[in-house]
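Let's take a walk through this one together. Have the structure open and turn it as you read.

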Amino acid sequence: MNKNQCITFKFEGRICDTQLAFFRENGFIHFKNFITKKVVAEFINEVEKVQQYLLDNNTTKINGIPLKFGNDVNGKPIIQRLAFTSEYSKRLQQFLQDPVLNVLLRLLGNYDGRIGEHEKDGLVVNHYVNTPSSKFTQLGWHTDSPRDLFLGSRIMPMLNIGLHLDDCGFDNGGLRVIPGTHKQGLFGLFFRKKYYVDNNADKKEIGFNIEAGDLTIHDGRLWHRVQQSPNQGEASRRRVMYIPMITGSYRPKSIDSVTPFYHKVAAFIETLKQKINPFPPALHSQEIKLTNSSIGES
Ligand SMILES: O=C(O)CCC(=O)C(=O)O
């Protein structure tokens with residue numbers, strides 16, 4: 001399997017044995033057209049409403065999870081990482097309760113899984129866009145599992161279910177995974193890559209040709225990253241909702257929840273990266289052009 005051979009599946013209301021075998025072997029799976037374009041538009045609208053509400057109320061954290069702010073192509077403020085989004089939207093809440101999602105639990109094998117609507121970071125919405133003042137254009141290599149340790153529990157099986165809201169062909173960046181790494185031992189889980197700092201392509205990584213409405217699911221132990229789009233502005237936009245499907249004891253978050261340590265570390269790394277190189281590589285030329293023109297104007 002390589003980047004040109006991204007195998008996709010059609011979801012027909014159940015996880016069949018072939019899909020289960022593929023997921024067990026590789027640690028991820030890609031379903032085409034899980035929701036229709038009409039529903040995609042509806043969800044984008046809901047996310048925008050939640051974003052506006054949170055911006056209007058100067059909300060910077062939800063249940064202890066910091067939101068990530070940036071600016072859109074038109075300079076308007078946006079939230080580039082939302083957490084617990086469904087707690088602000090009846091429509092998204094209703095979607096998380098749709099029995100169709102429970103069908104995906106089969107991928108967790110014998111574990112008793114559930115949708116973590118009020119646990120971990122809840123329903124996350126990531127919004128990547130390349131603009132001079134975007135704060136989110138890529139994401140370094142990581143797995144999701146060690147977060148459990150920071151939350152005070154042992155590593156438990158989990159799935160991250162990504163519902164994609166924009167088209168994003170392989171050449172436009174997006175999700176990259178290293179197949180099979182969910183089966184590695186603890187050493188590989190912790191030390192295969194430098195968490196969040198390493199953005200380099202791996203020779204074993206594969207990517208996806210995503211259409212809005214597609215669903216990708218990855219095992220929490222799988223190494224993955226988000227490749228920055230080579231494009232600027234609108235063409236670089238990538239929005240994806242992540243639904244955590246989790247196991248273990250029920251640990252809901254609330255307004256009193258403290259910010260987990262890994263978010264503090266991630267924020268620290270981000271600040272450090274900004275200080276070392278304030279403009280992500282793909283933005284360099286645009287930023288320099290803008291700076292020159294403003295110098296010329298003054
Ligand atoms: O945006 C993506 O597709 C991946 C996001 C991710 O890995 C994360 O939020 O931890």
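Buried residues account for 37% of the 298 residues in the chain. Keep in mind that this is a predicted model, with an average pLDDT of 88 and 85% of the residues scoring at least 70. The stretch to treat with care is residues 281-298, where the pLDDT is below 50; in the model that stretch has 13 contacts beyond near neighbours in sequence.

As for the overall make-up, the chain has eight helices and 15 strands. Take the contacts between residues at least 6 apart in sequence: 83% of them join residues at least 24 apart.

Now head for the interior. Nonpolar side chains tend to be buried together in soluble globular proteins. Here the largest nonpolar core has 52 residues, and those with the most contacts inside it are Ile 161, Leu 163, Val 177, Ile 217, Met 241, Ile 243 and Met 245. Which strand gives this core its largest share? That would be E15, with six residues. To see what the packing looks like from one spot, pick Ile 217: leaving aside residues up to four places away in sequence, Ile 217 touches Phe 28, Ile 29, Leu 104, Leu 107, Leu 159 and Ile 161.

E15 deserves a longer stop. Of its 14 residues, 11 are buried, so the rest of the structure largely encloses this strand. Follow its pairings and you'll meet several other strands. Strand E10 (residues 158-164) runs antiparallel to E15, with seven bridges between them; one place to spot this is His 164, whose bridge partner in E15 is Val 240. E8 is also antiparallel to E15, joined by six bridges, and there His 127 sits opposite Arg 239. Strand E7 (residues 114-115) pairs with E15 too, again antiparallel, over two bridges, with Arg 114 facing Ile 246.

There's a separate group of strands to trace next. E9, E14, E11 and E12 make up an open four-strand sheet in the order E9-E14-E11-E12, with antiparallel pairing. Why do two of these strands have a side without a neighbour in the sheet? Strand E9 (139-142) and strand E12 (206-207) stand at the edges and have a single partner strand each, so one side of each is left free of a neighbour in the sheet. For E9, antiparallel pairing with E14 takes in two bridges, and Leu 139 has Val 226 of E14 as its bridge partner.

That pair of residues brings us to the ligand, since Leu 139 and Val 226 are both among the residues that surround it. The others around the ligand are Val 124, Asn 126, Asp 144, Gly 162, Leu 175, His 224, Val 240 and Tyr 242. By class, this shell has six nonpolar, three polar and one charged residues. Which strands each supply at least two residues of the shell? They are strand E8 (124-130), strand E14 (224-227) and strand E15 (233-246). Val 240, met above as the bridge partner of His 164, is one of the shell residues.

Last stop: Cys 16, found in the loop between strand E1 (9-10) and helix H1 (17-26). Is Cys 16 buried or partly exposed? It has 14 C-beta neighbours inside 10 Å, so it counts as partly exposed. Look across from there to Arg 106: the two residues are 90 apart along the chain, and their C-alpha atoms are separated by 9.3 Å.

Definitions and conventions
Residues numbered from 1 in each chain as written. Predicted model: local features only at pLDDT ≥ 70, side-chain atom pairs only at ≥ 80, totals over all residues. Near = placed C-beta within 6 Å. Nonpolar A, V, L, I, M, F, W, Y, C, P; charged D, E, K, R; others polar. Buried ≥ 20, exposed ≤ 12 C-beta atoms within 10 Å, placed from the backbone. Contact = placed C-beta atoms within 7 Å. Core = buried A, V, L, I, M, F, W, Y, C linked by C-beta atoms within 7 Å. Pairing = 2+ DSSP bridges. pLDDT = per-residue confidence, 0-100.
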